[in-house]
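Reader: I've got a model open and I'd like to talk it through with you. Could you walk me through it in questions and answers?

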Amino acid sequence: MSWFKREDNEIVNDSEKTVRTEGLWIRCPDCGKILFKAELEANQKVCWHCGHHFRIDARTRIENLLEPGYELVDLELRSTDPLNFTDLKPYKRRLAEAQNKTGLNDAIINAVGQLGPHNVVLSVMEYGFIGGSMGAVVGETIARAVDRSLATRNPLIIVAASGGARMMEGIASLMQLAKISAGLGRMDDAKIPYISVMTDPTTGGVTASFAMLGDLNIAEPGALIGFAGPRVIEQTIRQKLPEGFQRSEFLLEHGFLDAIVSRKEMKQYLSQTLSWMGS
């Protein structure tokens, strides 16, 4: 006789009667509240309890900012593997996996359209594509956005979400910092507005170049913004960093940002900003 085994009335998992709830709920990392995903999507992925801004993809951000009828441009560029780079896996395989995952050729999308009453050129980075890292294609795509602004004299807005330069492309990725910065210098000479919007995270070579070169530098609340990561800095200087170091609020307090704007207010804020910038 078995004391610990039920021999009759066996419990069977009936797939037809199983309620599948996986992925319908998500816990807010800040306040710990359980959020219904559909409601979170409707609220632009901002927690209504504490205001935590979840990461969103580039297509969604473009839809949130531009009026219907915008056009996606410069989508044909594809990264190559100039160094035949391999770490844990070949770079070519990483590219193919990221392209299948995001449906993009690389970690950025350019769009032209209207933000409120203003014609703009919008360049948005996709963090889901190898951490939004900036290689030759990202650099060339932003350079083309700069060229479009120079040709049309429409303001340029770049939304950054990146871990920095793409190490798999070596010096080719680092060259993009100077390339984009030179283009933005031409825009400054032509007195065409450029607004930099920094989201979580904006780090590495992106911060060291175009993300901090805006006529107006703004960020979403709580975004991680910096060059090296906080753990690397702590290990280097062997000191504990201040609370909230490299977050938007800390950078605003110390003069690195002009404003912190909630995602739900971003479109209106940018529209008003372009009005007083005389676009």
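Author: Here is a run through the overall make-up, one helix and its neighbours, and some charged pairs.

Author: This is a predicted model, so local features need pLDDT of at least 70 and side-chain atom pairs count only at pLDDT 80 or more, while totals for chains, interfaces and linings use all residues. Residues are numbered from 1 along each chain as its sequence is written, and side-chain values use heavy atoms, with hydrogens and water left out.

Reader: Let's start broad: how many helices and strands does the protein have?

Author: The elements are DSSP runs numbered from the N terminus, with helices being H or I of at least four residues and strands E of at least two. The C-alpha atoms fill a box of roughly 90 × 50 × 45 Å along the principal axes. In that box, the count is nine helices and nine strands.

Reader: And what percentage of the 279 residues counts as buried?

Author: Buried means under 20% relative accessible area, exposed means over 50%, and partly exposed is in between, using a 1.4 Å probe and protein chains only. By that cut-off, the buried share of the 279 residues is 43%.

Reader: Among contacts between residues at least 6 apart in sequence, what percentage joins residues at least 24 apart?

Author: A contact here means heavy atoms within 4.5 Å. Take the contacts between residues at least 6 apart, and the share joining residues at least 24 apart is 66%.

Reader: Now helix α5: how far apart are its end C-alpha atoms?

Author: The expected span is 1.5 Å times one less than the number of residues. For the 19 residues of α5 (residues 171-189), that gives 27 Å. The model agrees, with the end C-alpha atoms at 28 Å.

Reader: Within what arc do the buried residues of α5 fall?

Author: The buried ones are Ser-173, Gln-176, Leu-177, Ile-180, Gly-183, Leu-184 and Met-187. Looking down the axis, they line one face of the helix, because they fall within an arc (taken from the directions from the helix axis to the C-beta atoms) of 145°.

Reader: Which residues are exposed on the other side of α5?

Author: An α-helix has 3.6 residues a turn, so residues three or four places apart point the same way. On the side of α5 away from the buried residues, the exposed ones are Ile-171, Met-175, Ala-178 and Asp-189.

Reader: What do the buried residues of α5 pack against?

Author: Part of the answer is the β-α-β unit that α5 makes with β6 and β7. That unit is right-handed, meaning that with the strands pointing away from the viewer, the path from the first strand over the helix to the second runs clockwise. The full list of packing partners is α4, β6 (156-162), β7 and α6 (204-207).

Reader: In which sense do β6 and β7 pair?

Author: Two strands pair if DSSP finds at least two bridges between them, and β6 and β7 have six. One of the links joins Leu-156 to its bridge partner Tyr-194 in β7. The sense of the pairing is parallel.

Reader: Which residue in β8 is the bridge partner of Val-197?

Author: β7 also pairs with β8 (residues 216-219), again in the parallel sense, over four bridges. Strand β7 is mostly covered, with eight of its nine residues buried. The partner of Val-197 in β8 is Ile-218.

Reader: On to charges: how many salt bridges are there in the whole structure?

Author: Side chains of opposite charge can pair when their charged atoms come close. The cut-off is a side-chain nitrogen of Lys or Arg within 4 Å of a carboxyl oxygen of Asp or Glu. A search of the whole structure gives 17.

Reader: How many residues apart are Asp-200 and Arg-247?

Author: Their side chains meet in a salt bridge at 3.4 Å, N to O. The pair links distant parts of the chain, with Asp-200 in β7 (residues 194-202) and Arg-247 in the loop between α7 (230-237) and α8 (248-253). Asp-200 is partly exposed at 21%, as is Arg-247 at 32%. Along the sequence, the two are apart by 47 residues.

Reader: Which residues share one network with Arg-144?

Author: Arg-144 meets Glu-140 in a salt bridge at 3.0 Å, N to O. These two are four residues apart in α4 (residues 136-152), which means about one helical turn separates them. Through salt bridges that share partners, Arg-144 is joined into one network with Glu-76, Glu-140 and Lys-179.
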